[in-house]
Amino acid sequence: MEIAPDIQLPSLPEVTLRALEACHQEESYRTISEIVSADTALVSRILALANSSLYGAYTQIRSIDQALLRLGTHRFHTLVLTAALRQILYELGADQWQQLRDFWRHSLTTAMTARALATLTRYPEPDQAFMLGMLHNVGELIALKTPPGDIQQYYFDHQSEIAAKLVSDWGLGPMASDAMLYQQALPADIRDAGHLVKLISLATRLAQSDAAGIAAAGTIFGLNEELTREINRRIDQEVEGVAKSLGIPLSADYDARASHEKLKQTVLRQAMATQALDLSPLQDSTQACLAATVTSLTLITGLPSLYFGGTDNELTLYSASNGEPADLSVSASPASSLLTEAYTTIAPLILGDREPSVLDRQLMNLLHAPSLVALPVTGGDRCAGVFIIGTDTEGAQQAEEIGRLFCFQLSRVLSDLQAGAENRQDAMTDELAQQAIRRQVHEVSNPLTIIRQYIYQLRNRLDDTDVHQQLDVIREELDRAGDLLLQIGKSWHNPSAGHSEDCDLNEELKVLRDLLEDGLFSDEKKTLSLQLCEDPTTIAAPAAIVRQIVINLVRNAAEALDDMTDGGKVSIRSVAPVWQSNRTWVELEVSDTGEGLSPDIQRNLFSPVKSTKGRGHGGLGLSVVKQLVDDMEGIVNCRTGSAGTAFRVLFPMADKNKVAEE
């Protein structure tokens, strides 16, 4: 039976409420991860989206942390809100809520046990074991939301196959799929199976807290009974702690109707706030944008509203939902009124029982209301303005809650607008500066290239070995100066490129191509060709090291063409992925159409010997390349002949988990 990878599943309302709260308060990824990791339905939704085609040919997700980093907090907030909207449609009976609570407890127990066993047995990715423990019985969750009948029974009877299929569809890999498929295999049958299979199988058995699970621990991992029981006891305590933090009773009967109703109200309010913002036309300026949304705030609260924009320690009434705004501007200090205090403290306030100031009375008069709520809106790192809602004492709390959600959403919109404008300005400035620096690099590179060529010609005319060596030193220093120019050009293009442990080979080659053409291929007879593969080429090597390798190889290849009457051609090619020695690599090939390497050079290839510059591929450059490639555990080799020479470098492909996080 076919099951969609993005299937909608029920969650405990307490978990969904806590997840929405964490997103609303912009808590850390770790906090949000801990919340959603404890719910099979949310884990399923996150994995379905994080591994969807929206994100292209990304690598496998192996933990919830990685999935959240890929989605980002805002997108995840939308996902949780959407899931919660569907959640409120589940009108479960008392028995079904009880079954859902028991399912949640068993899943979390299995996940925590899998992680503990992974740590104990030194499995390298305990978070992956935890995630799969949460998913192992997803078929049962599908069955719980399915009406009684043959289809529901099918889900109950084929849980392992369902979990394996979904895990595969979510792109978690064949080992994860096998862990789901063989979770019910007999302990004796999986003693020589993969580590992940054994972890999930034993975790599901230990979650039952019976003698069979204790015996299985000895069969699968050789764990003694005392240690196994201690693991069970500690996991039970941890599960109880999580349940208590979420307000989920484990010992008493579970009735989620009150929590379900609270979730319904929270979701409706947040959805209303988001929808109201969609109704407001977004203007070019911050104040125009905020002023235009005052009607939307009134729409969702049902109460009249004012908007005061803040500039230079002054607050000006920009708009009103109940007609044309009055001509009113006030100083932001001293902060003696509700309006000025909210602006200064950047905190929502309710007038309540406090004695209203004269300004407060003026605002109540404008709004025809006996009380006020003040709601500040942040724009970047400061308060952009304040909404004032007219209300009565009884409805003030609810108005503040709904209005605060509205302002939270609005602040996010403003941040996005400002970031977009700043990025556009920064991009334009960087582009102009990059063009200027590249022109300067080009101007300096030209005389260096001419000097290099004259030194080569002078060397060929002289027979003095000592002079040859001195000229070789000069050329080496000129090469170093040329390399520094290329590094300067690249660093300006991407100042942070040299500081990351990983880099994109294709992106490095694209930028280096222009700089190399300026410095090494100013002779019209020589040509440089770049052929880039379409697959991802992220490698486990710093950008600065990669640039040094590429520059050395291309410079040598260009010099190998010095004696060619037709100039010749240098080609740079990337290939990915390349499978060799049970590893995945990204290949760089630099080839030329020169005369090939002499036997003497071939015998001393990659050795730090004196070069025969003019024939190319000699000297210290290749020894440096070899050392750099060896340091990153890569591979470099060479093929040469009368048709030319090609150097092939295999860079280790970047760790997939790390790429996903970035």
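Axes here are lines fitted to C-alpha atoms, for helices over the stretch in contact, and angles between N-to-C directions run from 0 to 180 degrees. Helices (H or I, at least four residues) and strands (E, at least two) are DSSP runs, numbered from the N terminus. The model is a predicted one, in which local features need pLDDT of at least 70 and side-chain atom pairs count only at pLDDT 80 or more, while totals for chains, interfaces and linings use all residues. Residues are numbered from 1 along each chain as its sequence is written, and side-chain values use heavy atoms, with hydrogens and water left out.

Begin with the whole protein chain, which has 26 helices and 13 strands. Of its 662 residues, 52% are buried (under 20% relative accessible area, with exposed over 50% and partly exposed in between, for a 1.4 Å probe and protein chains only).

Next, select helix α7 (residues 126-135) together with helix α12 (residues 195-206), which pack at an angle of about 50° with their axes 10 Å apart. That angle makes α7 oblique to α12, since angles under 35 degrees count as roughly parallel, over 145 as roughly antiparallel, 65 to 115 as roughly perpendicular and the rest as oblique. Show the side chains of Gln128, Ala129, Leu132 and Gly133 on α7 and of Leu196, Leu199 and Ile200 on α12, which make the contact (heavy atoms within 4.5 Å). By class, this contact of α7 with α12 has five nonpolar residues, two polar and no charged ones, where Ala, Val, Leu, Ile, Met, Phe, Trp, Tyr, Cys and Pro count as nonpolar, Asp, Glu, Lys and Arg as charged, and the others, Gly among them, as polar.

Keep α12 and add helix α13 (residues 211-221): α12 and α13 pack at an angle of about 165°, with their axes 8 Å apart. The two helices are therefore roughly antiparallel to each other. Their contact includes Leu199, Leu202 and Leu206 of α12 and Ile214, Ile220 and Phe221 of α13, and its residues divide into eight nonpolar, two polar and two charged.

Now turn to the largest nonpolar core (buried Ala, Val, Leu, Ile, Met, Phe, Trp, Tyr and Cys residues joined through side-chain atoms within 4.5 Å), which has 93 residues. Those with the most contacts inside this core are Val36, Phe76, Trp104, Leu132, Leu172 and Ile248. Helix α6 (residues 94-120) supplies the largest share of the core, eleven residues. Centre on Trp104, which touches, among others, Leu12, Val15, Asp39, Leu246 and Ile248, not counting residues up to four places away in sequence.

Finally, select Leu528, Cys533, Ile551 and Val649, which are among the 41 residues of another core, lying apart from the largest one.
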